[in-house]
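Here is a set of questions and answers for a reader who is new to this structure. Each answer gives the value, sets it against the rule and concludes.

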Amino acid sequence: MFDIKLQKAALERNELVRTHYLATIGDHYTRNQLIFLDESAKDERSLSRLYGYSPRNTPAQKKVVFVRGKRYTILPAITMEGFVAVDIFEGSCDKKNLLILFLVKW
């Protein structure tokens, strides 16, 4: 038996509703009208390992930073033709940052 990391699947996911949504988007919009936002963040904990090796009957441990320190957020806007806007700022993303990216960059 192996220790395998679980993948999370949304309990609320409904394939019938998802298919209806995709059909509705396809009926009302062209590919040139779609813009996608994708938030990413980086802090001191971003690259921490989730698995490790240790001698038998000894827990695998690694000293890690528990204090976040500075957190940077990257917020790109992507279309079918590529990136149309990117905003990188210190701190977390909220509705205000989304509106600024959307309104100021276009």
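Q: How many salt bridges does the structure hold?
A: This is a predicted model, and the structure holds 1 salt bridge.

Q: What makes the contact of Glu-15 and Arg-13 a salt bridge?
A: The side chains of Glu-15 and Arg-13 meet at 3.0 Å, N to O. The cut-off is a side-chain nitrogen of Lys or Arg within 4 Å of a carboxyl oxygen of Asp or Glu. The value of 3.0 Å is within 4 Å, so the pair counts as a salt bridge.

Q: Why is Glu-15 called partly exposed?
A: Glu-15 has a relative accessible area of 44%. Buried means under 20% and exposed means over 50%, with partly exposed in between. The value of 44% lies in between, so Glu-15 is partly exposed.

Q: How do you know that the span of helix α1 agrees with its number of residues?
A: Helix α1 covers residues 15-28, which is 14 residues. At 1.5 Å a residue these should span 20 Å, where the expected span is 1.5 Å times one less than the number of residues. The end C-alpha atoms of α1 are 20 Å apart, so the two values agree.

Q: Why is α1 described as hardly covered?
A: A residue needs under 20% relative accessible area to be buried. Among the 14 residues of α1 the count of buried residues is 0, so α1 is hardly covered.

Q: What makes the approach of Asn-14 to Leu-16 a polar contact?
A: At the start of α1, a side-chain oxygen of Asn-14 comes to within 2.9 Å of the backbone nitrogen of Leu-16. The limit for a pair of N or O atoms is within 3.5 Å. The pair keeps to that limit, so this is a polar contact.

Q: Which elements does the protein chain have, and in what order do they run?
A: There are 2 helices and 4 strands in the protein chain. From the N terminus on, the order is α-β-β-β-β-α.

Q: How do you know that β3 and β4 pair?
A: Two strands pair if there are at least two bridges between them. Strand β3 (residues 72-79) and strand β4 (residues 82-90) have 8 bridges, so they pair, and the sense is antiparallel. The two strands form a hairpin with 2 residues between them. Among the bridge partners are Thr-73 with Phe-89 in β4 and Pro-76 with Val-86 in β4.

Q: What makes β1 and β3 a pair?
A: β1 and β3 run antiparallel and are joined by 2 bridges. The requirement is at least two, so β1 and β3 pair. Leu-37 stands opposite Ala-77 in β3.

Q: How do you know that β2 also pairs with β3?
A: β2 and β3 have 3 bridges in the antiparallel sense. With at least two required, these strands therefore pair. The bridge partner of Lys-42 is Tyr-72 in β3.

Q: Why is Pro-76 called buried?
A: Pro-76, in strand β3, has a relative accessible area of 8%. That is under 20%, so Pro-76 is buried. Its C-alpha atom is 5.9 Å from that of Asp-38, with the two residues 38 apart in sequence.

Q: Why is Tyr-72 called partly exposed?
A: Tyr-72 is in strand β3 and has a relative accessible area of 38%. The value lies between 20% and 50%, so Tyr-72 is partly exposed.

Q: Why does Asn-57 count as exposed?
A: Asn-57 is in the loop between β2 and β3. Its relative accessibility is 79%, which is over 50%, so Asn-57 counts as exposed.

Q: What sets the phi of Asn-57 apart?
A: Most residues other than glycine have a negative phi. The phi of Asn-57 is near 65°, a positive value in a residue other than glycine.

Q: What makes Ile-35 eligible for a nonpolar surface patch?
A: Ile-35 lies in the loop between α1 and β1. A patch residue needs over 30% relative accessible area, and Ile-35 has 37%, so Ile-35 passes that cut-off. The patch is formed by Ile-35, Leu-37, Val-84 and Leu-98, with about 290 Å² of accessible area together.

Technical notes: Residues numbered from 1 in each chain as written. Predicted model: local features only at pLDDT ≥ 70, side-chain atom pairs only at ≥ 80, totals over all residues. Heavy atoms only, no water. Buried < 20%, exposed > 50% of the residue type's maximum accessible area, 1.4 Å probe, protein only. Polar contact = N/O pair within 3.5 Å; in protein donor to acceptor, adjacent residues only side chain to side chain. Patch = residues over 30% accessible without salt bridge, like charges linked within 9 Å, V, L, I, M, F, W, Y side chains within 5 Å. Areas by Shrake-Rupley, 256 points an atom, 1.4 Å probe, with all protein chains shown as cover.
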